[in-house]
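Work through these exercises on aromatic rings and surface charge. Try each task before reading its solution.

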Amino acid sequence: EMPWWWDYNELRESIQPVLDVLNVPHNCIVRLLFASLPPNVTIPVHHDTGEWVKWTHRVHVPIIVSDPNHVLFRCGLVDTNMIRVSVDPGHVFELNNQAKHAVSNCSADYRVHLILDYMDEKQMESFIPTRVRLTAGERLLQTRRTISRESDHGKRPTPSFMILGCQKSGTTSLYEYLNQHPLIIRPKRRETHCLDWRFSDSNNVEEQRKHCLSFYYHEELQKHPSLLTGDSTPSYILHSNLVIPRLKNVFPFELKFFVMLRDPVKRCYSHYHMVTSEDGTEEQKQNRGTDWCGKTFEEVVDEDIQLMHQVGLIPYWNTLTAEIDEQLFEQFVGSDEELVAFCRYQELIPMNKGSHSPVARGLYHLQLRCWLKEFSQESFMVIPLEFLSSASSTQRVLSRAFEHLGLTPVDIQDLSAKNARPTYAAMEPKTQHLLERFYGSHNQMLHELLGGHEWKDIWPYSQQISNKVLSNK
């Protein structure tokens, strides 16, 4: 709220009749300002954007117009069918600023309008706006989306959130959806990897921080703390042994985290097909790695299970019968010994390629435990990919995600799935059943960790397939 409004009674008294005619109470005003257009200046045809536009009314009140015949104000649904609007002083008119409009000041004097944006009282009830009373002389920094106070420089740290994982579970879609919010700014690249294989070689924390911030528009964001940004590097959740201590040193402030999860059996199969695909750029192929080329899905799965067994991470899994010892599982999973074994496993897997850990990446309970030991559960939003199955359910999830970030929910225009892979041959039933047996108890542990009815039997495995495979043994 500008200081003039409160410091000059004469100003308020002059504007109040306009507010009275429109029946606009003070608390419903979104924007009220004088707009001065210099002589011989044209604002070209455009339409206003931003979440606020669809909620507000736009009213113009010409104040100083020396020669209305030499000011051309036009508006219309399309730029080829716009009509001229009278700008005689005192002519109050409402404009649909989502439609096309333009103005040319062809006179020799400045043109001054009072511009009012306001919301209906019923709509305002769904908002809880924070009103800030500005002081005379302070500077404001404006973008097309927001206004920030210069005195708030650096108030919001960079970044504000991270999508930690899991790979092939919808992280690209979530990233693209979140970045459609008008107050979220993309980093310079998706998947910065600045905390794992692109981490700085320097031992100096300030140099490490400077390196990580180079992946964001940090300097500009410091000036505009009303905007925020985040990272999406889905390998972070797996490499918690390295990422968490680096994160705490480089970004020692509160962040919000997102974790996308998917039926681990389907995630594993999708992972294999992504790595072995011949599609993509040379950089993408290099990042995937070539370790699985020429290998079957069954061979890749067996190699990871054998590695986990060798380091003592899955002592409850009988590699001969492909069955879980439930008693040993209950004793081991969730224990400190499991975390120690997981560290041994993490030390053996590479960071700079994706052709590893096809089965281990589906141990969601284990990976989340490592993060929840160091950060509060309130800072996490864990989302099943299956909740993004329709436009309406995706929008509901995104509304919760924006609230998680402290943002007003908005409707997202593009809800199409991102980075979705083409269909491929069905998994061998025997392999599918093996993975279902492996993951079934782990999924139950995930439900116990996260709670909530939505995680109970989130991925029900087919009894029909199980019986068929067992009968073929």
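The exercises below use a predicted model.

**Exercise 1.** Classify the ring pair of Phe-161 and Phe-258: stacked, tilted or edge-to-face?

*Solution.* A pair of aromatic rings is described by the distance of the centres and the angle of the planes. Start with the distance. The centres of Phe-161 and Phe-258 lie 6.0 Å apart, and rings pair if their centres are within 6.5 Å. Next, take the angle. The planes stand at 85°, and planes over 60 degrees apart count as edge-to-face. The pair is therefore edge-to-face. Now place the partners. Phe-161 belongs to strand β11 (residues 161-165) and Phe-258 to strand β14 (residues 256-261). They are 97 residues apart, so the pair links distant parts of the chain.

**Exercise 2.** Is Phe-161 buried or exposed? Decide for Phe-258 too.

*Solution.* Buried means under 20% relative accessible area. Phe-161 has 1%, so Phe-161 is buried. Phe-258 has 0%, so Phe-258 is buried.

**Exercise 3.** Classify the ring pair of Phe-251 and Phe-253.

*Solution.* The ring centres of Phe-251 and Phe-253 are 5.8 Å apart. Their planes meet at 55°. Stacked needs under 30 degrees and edge-to-face over 60. The angle fits neither, so this pair is tilted. Check the cover as well. Phe-251 is buried at 2%, whereas Phe-253 is partly exposed at 26%.

**Exercise 4.** Which residues form a negative surface patch?

*Solution.* List the members: Glu-94, Asp-120, Glu-121 and Glu-125. Then look at one of them. Glu-121 sits in helix α3 (residues 121-124). Its relative accessible area is 48%, so Glu-121 is partly exposed.

Technical notes
Residues are numbered from 1 along each chain as its sequence is written. This is a predicted model: local features need pLDDT of at least 70, side-chain atom pairs count only at pLDDT 80 or more; totals for chains, interfaces and linings use all residues. Side-chain values use heavy atoms; hydrogens and water are left out. Patches are made of residues with over 30% relative accessible area and no salt bridge: like charges are joined within 9 Å, nonpolar side chains (Val, Leu, Ile, Met, Phe, Trp, Tyr) within 5 Å. Accessible areas come from the Shrake-Rupley method with a 1.4 Å probe; for residues, only the protein chains shown count as cover. A salt bridge is a side-chain nitrogen of Lys or Arg within 4 Å of a carboxyl oxygen of Asp or Glu. Lys and Arg count as positive and Asp and Glu as negative; His and the chain ends are not counted. The place of a charge is taken as NZ of Lys, CZ of Arg, CG of Asp or CD of Glu. Helices (H or I, at least four residues) and strands (E, at least two) are DSSP runs, numbered from the N terminus. Buried means under 20% relative accessible area, exposed over 50%, partly exposed in between (1.4 Å probe, protein chains only).
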